[in-house]
Amino acid sequence: MIITRPRDWARIRANLDEIGAKKVFIMGCGECATMSHTGGQPEVLQAKVALEQQGREVTGWSVGDVACHSGGQRLEVRKHHGEIESADAVLVLACGAGVQTMADAVDKPVFPGLESVFLGNVVRHGQFEERCQMCGDCVLDRTAGICPVTTCPKGLLNGPCGGMWMGKCEVLTDRECVHVRIRRRLAEQGRAKTAAPLPPKDYSKKLKPGQLDLRDRALGHEKADTGTGSDS
Amino acid sequence: MSRLRSALEAGEFVVTGEIAPPLGTDLSAMRRAIEILGPVSTALNVTDNQGATLHLSSLAASRVVVDMGFEPIFQQTCRDRNRLALQSDLLAAATLDLKNVLVVTGDDPRGGDHPQAKGVFDLDSTQLLEVVSGMNDGHDMTGRPLKGGCDFFAGAAMFPEAEPWDIQIGRALEKAQAGARFFQTQAIFDFDKLARATQAMHDAGSYVIAGVLLLRSPKVIDFINAKLAGLMIPDDIASRIRDADDPTEAAIQLAIEQVRAARGIADGVHVMPLGLDDAVPRILREAGVVA
Ligand code: SF4
Ligand code: SF4
């Protein structure tokens, strides 16, 4: 899921002050931001109190099913039409995708209320770890199910680098070097011998912005499978 | 052909030194270091934004070494450039008559003087070595032929004292396979480990140049232990310098012993003077490496 953290309130305040927003509508997200405890109902209500303490009026708030779903968000906007209409701005407590969905659905200034940080695994309640950067060219088949692109701080495909010391990582010194872990696990599974160095990554698979249209795929257009860069 | 390469192939014990380009455009201090180290070295490494801190480029500084009549080892890290820039700099290096290239991953930007920088690492050191090998074969990394090729003598870094050894050696062999003909090691304190590493690399057809670090002062030791990735000074060595009346002289004596020890094992020494450039000729003389 998408991991978010609260955004510096000074920035939010400055955003609202800049357009002289006295009345604000707050939109949360019932999916990732609720799980992250950054944009669920309790956090939306906290934001409401914070805005009111700044002397602003909160015209209404909502936590829809999932903020990054265009259709769902439009529905949510219709439900709160009046409250949004009377607001000067909308503050969205969701990831950047959710903020943009909202910005497309209303014609008011929309501001981000959170920082979107990574696609995270839930380690346990309230503790998240980044394991995948969605590179579009997965190497987990070659790396014993440990992603070096994401979990090696340098993102090296082949390692360890020269900074590894006694099995520990140069950058995150309290952690094992990812490439030591990969090589150990490959060896344990008897796969070390077949492990040739990985070739350079195909970053065209990660060209921005990503796009995928399953309707195209149903029609047999494989191009829809990857980022826009591989259309030709 | 590279002088470093012909010396190694002729079985000579080589010496490589280290030149740090300036932060700025005043080359006088760098030229002075080249004047001191050049005459006693087979080739001089020219570092590439070492420690992820900004310096004049290794490419330009390597050419200064050539102009002064000595041979540089152009260092290229994977940290600051993507594959287009790396290849274009390699082509530039060939036209500037730089014959040796040392390929390293590079320290993470978070440890340097621009911690906000994006670490590029588009290629890793093994992949970049393959690119260099390909250029020596006359093509870029997509396979397109080069108009006018390259003949680099390529090297890589190696860490004989960093455990786990099976992983270290596996990694070094991959680099050799990718085209590393010589290896410059991190500072050596345990010469049995150097012997083990040298044997393995000789079997793979590569040369080993052993790192010798001038531990000038207790402060330098603290700095290395705290800041330099992949290196720890053993306590007995550290206390030899710390407890000495004249730490600089103790460091010089230690280096002389280490150069002598390396001489019986490896194919050369890579001296990292950490500012004590003036002492290097004496160390090499007293170790019997230069006349
Ligand atoms: S290799 Fe790419 S797709 Fe696979 S886990 Fe890593 S970042 Fe995700
Ligand atoms: S020590 Fe290992 S995990 Fe850490 S940056 Fe180097 S290769 Fe990556």
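Colleague: What covers the buried residues of α3(B)?
Modeller: The cover includes α2 (28-37), β2 (43-46), β3 (72-77) and α4 (83-95) of chain B; helices (H or I, at least four residues) and strands (E, at least two) are DSSP runs, numbered from the N terminus. This is a predicted model, where local features need pLDDT of at least 70 and side-chain atom pairs count only at pLDDT 80 or more, while totals for chains, interfaces and linings use all residues. Residues are numbered from 1 along each chain as its sequence is written, chains are lettered from A and ligands numbered from 1 in the order in which they are written, and side-chain values use heavy atoms, without hydrogens and water.

Colleague: Why is helix α3 of chain B called largely enclosed?
Modeller: Because seven of its 10 residues (58-67) are buried, a word that means under 20% relative accessible area (exposed is over 50%, partly exposed in between; 1.4 Å probe, protein chains only). The buried ones are Ser58(B), Leu59(B), Ala61(B), Ser62(B), Val64(B), Val65(B) and Val66(B). After α3(B) comes Gly69(B), with a positive phi near 90°.

Colleague: Why does Arg56(A) count as buried?
Modeller: Its relative accessibility is 9%, and the limit is under 20%. Arg56(A) lies in the loop between α3 (41-53) and β3 (57-64) of chain A. Leaving aside residues up to four places away in sequence, Arg56(A) touches (heavy atoms within 4.5 Å) Arg13(A), Leu16(A), Asp17(A), Ala21(A), Lys22(A), Val24(A) and Leu51(A).

Colleague: What joins the side chains of Arg56(A) and Asp17(A)?
Modeller: A polar contact of 3.0 Å. The term requires a pair of N or O atoms within 3.5 Å; within protein, one must be able to donate a hydrogen and the other to accept it, and residues adjacent in sequence count only if both atoms are side-chain atoms.

Colleague: What makes Glu174(B) and Arg183(A) a salt bridge?
Modeller: Their closest N and O atoms are 3.1 Å apart, and the definition asks for a side-chain nitrogen of Lys or Arg within 4 Å of a carboxyl oxygen of Asp or Glu. The count between chain A and chain B is two salt bridges.

Colleague: How many residues of each chain are in contact with the other?
Modeller: 26 of chain A and 28 of chain B. The two chains bury about 2300 Å² between them, 59% of it on carbon and sulfur atoms; buried area is the accessible area (1.4 Å probe) that two parts lose on being put together, summed over both.
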